[in-house]
Amino acid sequence: MRQRTRAVLGSLAAALLVTLTPGGAFAESYWQCVPFARLVSGIQIFGDAWTWWAQAAGKYETGFTPKAGAVLCFKPNGKMRLGHVAVVSQVLTDRIVQVSHANWSIIDGSRGQVEKNVTVVDVSPAGDWSQVKVWFDPTGNLGATVYPTYGFIYQTPRQNGFQVAQNAAVAMAQNAANQVFAAVRPGASPMSILGQAADSTDRIASLIQAATSTPSKDAAKPAH
């Protein structure tokens with residue numbers, strides 16, 4: 001439970017950092033697409049991008065309709081042998097979205113950049129988002145390559161009764177994180193905000209852990 005709470009708070013902090021950075025891209029550090037998508041979306045899947053679709057089975061809802069916050073999962077294609085993942089930031093039409101993602105375009109001669117709110121267009125014959133074109137910064141336009149995709153992984157986990165109770169606690173974590181962000185002094189840099197939010201994560205997670213734990217005969221045993 002505490003690990004999941006920390007993951008949600010981490011994704012909120014990363015999302016705030018992206019939101020406060022002026023349009024296009026930023027280069028605070030080298031980002032791979034997977035850790036960036038995981039932080040921003042809160043979807044806790046690990047491993048190469050192309051494996052996310054299979055890993056999502058039974059854990060997260062999946063589909064072929066774009067939704068804000070969902071992760072678009074790309075199949076391996078040509079030199080992109082590990083696939084790619086991008087987070088939908090805005091749905092413009094049923095066949096055009098904007099995404100935020102990392103390590104796609106070469107910007108100022110460097111890879112590992114984060115781009116926010118760039119265009120992705122569904123070019124599949126059936127309109128099912130199985131083939132897309134993606135904005136490529138060096139050309140200032142959609143790239144010429146058509147990329148095959150698996151579909152969208154949504155932020156909603158497949159739930160059992162216990163997970164429903166967990167989600168209520170996670171909502172508390174999100175509210176607490178919002179209060180942390182609001183308390184940051186005016187004029188603080190995005191990286192400063194991210195650091196302060198990270199420092200508060202343990203404290204918030206501990207409070208929620210204590211509030212949602214159910215006493216039992218095993219309560220004295222260390223958590224694993």
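This is a short talk on the fold, the nonpolar cores and the cysteines of one protein model.

Okay, so, before anything else: what you're looking at is a predicted model. Let me start with the overall layout. The protein has 224 residues, and 41% of them count as buried. On the secondary structure side, we've got five helices and nine strands. If you walk along from the N terminus, the order goes α-β-α-α-β-β-β-β-β-β-β-β-α-α. For contacts with a separation of 6 or more, 56% are between residues 24 or more positions apart. And the accessible surface comes to about 11900 Å², with 55% of that belonging to carbon and sulfur atoms.

Now, the inside. In soluble globular proteins, nonpolar side chains tend to be buried together. Here, the largest nonpolar core has 20 residues, and the ones with the most contacts inside it are I43, I45, W52, V71, V85 and I153. Which elements give two or more residues to this core? Those are α2, residues 33-41, then α3, 52-56, plus the strands β3, 71-74, and β4, 84-93. Of these, α2 gives the most, with five residues.

Let's zoom in on V71 for a second. Leave aside its neighbours within four places in sequence, and V71 is in contact with S41, I43, W52, V85, A86, V87, G151, F152 and I153. There's also a second, separate core, this one of 17 residues, and among its members are M80, W104, V118 and F152. So F152 turns up in that second core, while also being in the contact list of V71.

Back to α2, then. Why is this helix largely enclosed by the rest of the structure? Because seven of its nine residues are buried. The buried ones are C33, V34, F36, A37, R38, V40 and S41, so yes, there's an arginine in there. Right after the helix comes G42, and its phi is positive, near 80 degrees.

Last bit: cysteines. How many disulfides does the structure hold? Zero. C33 is in no disulfide, and the nearest cysteine sulfur, that of C73, is 9.1 Å away. Seen from the other end, the closest cysteine sulfur to C73 is the one in C33, and at 9.1 Å that's too far for a bond. Both of these cysteines are tucked in, though: C33 counts as buried because its relative accessibility is 9%, and C73 counts as buried because its value is 0%.

That's my tour; happy to go back to any part of the model.

How values were computed:
Residues are numbered from 1 along each chain as its sequence is written. This is a predicted model: local features need pLDDT of at least 70, side-chain atom pairs count only at pLDDT 80 or more; totals for chains, interfaces and linings use all residues. Side-chain values use heavy atoms; hydrogens and water are left out. A nonpolar core is a set of buried Ala, Val, Leu, Ile, Met, Phe, Trp, Tyr and Cys residues joined through side-chain atoms within 4.5 Å. Buried means under 20% relative accessible area, exposed over 50%, partly exposed in between (1.4 Å probe, protein chains only). Helices (H or I, at least four residues) and strands (E, at least two) are DSSP runs, numbered from the N terminus. Contact means heavy atoms within 4.5 Å. Accessible areas come from the Shrake-Rupley method with a 1.4 Å probe; for residues, only the protein chains shown count as cover. A disulfide is a pair of cysteine sulfur atoms within 2.5 Å.
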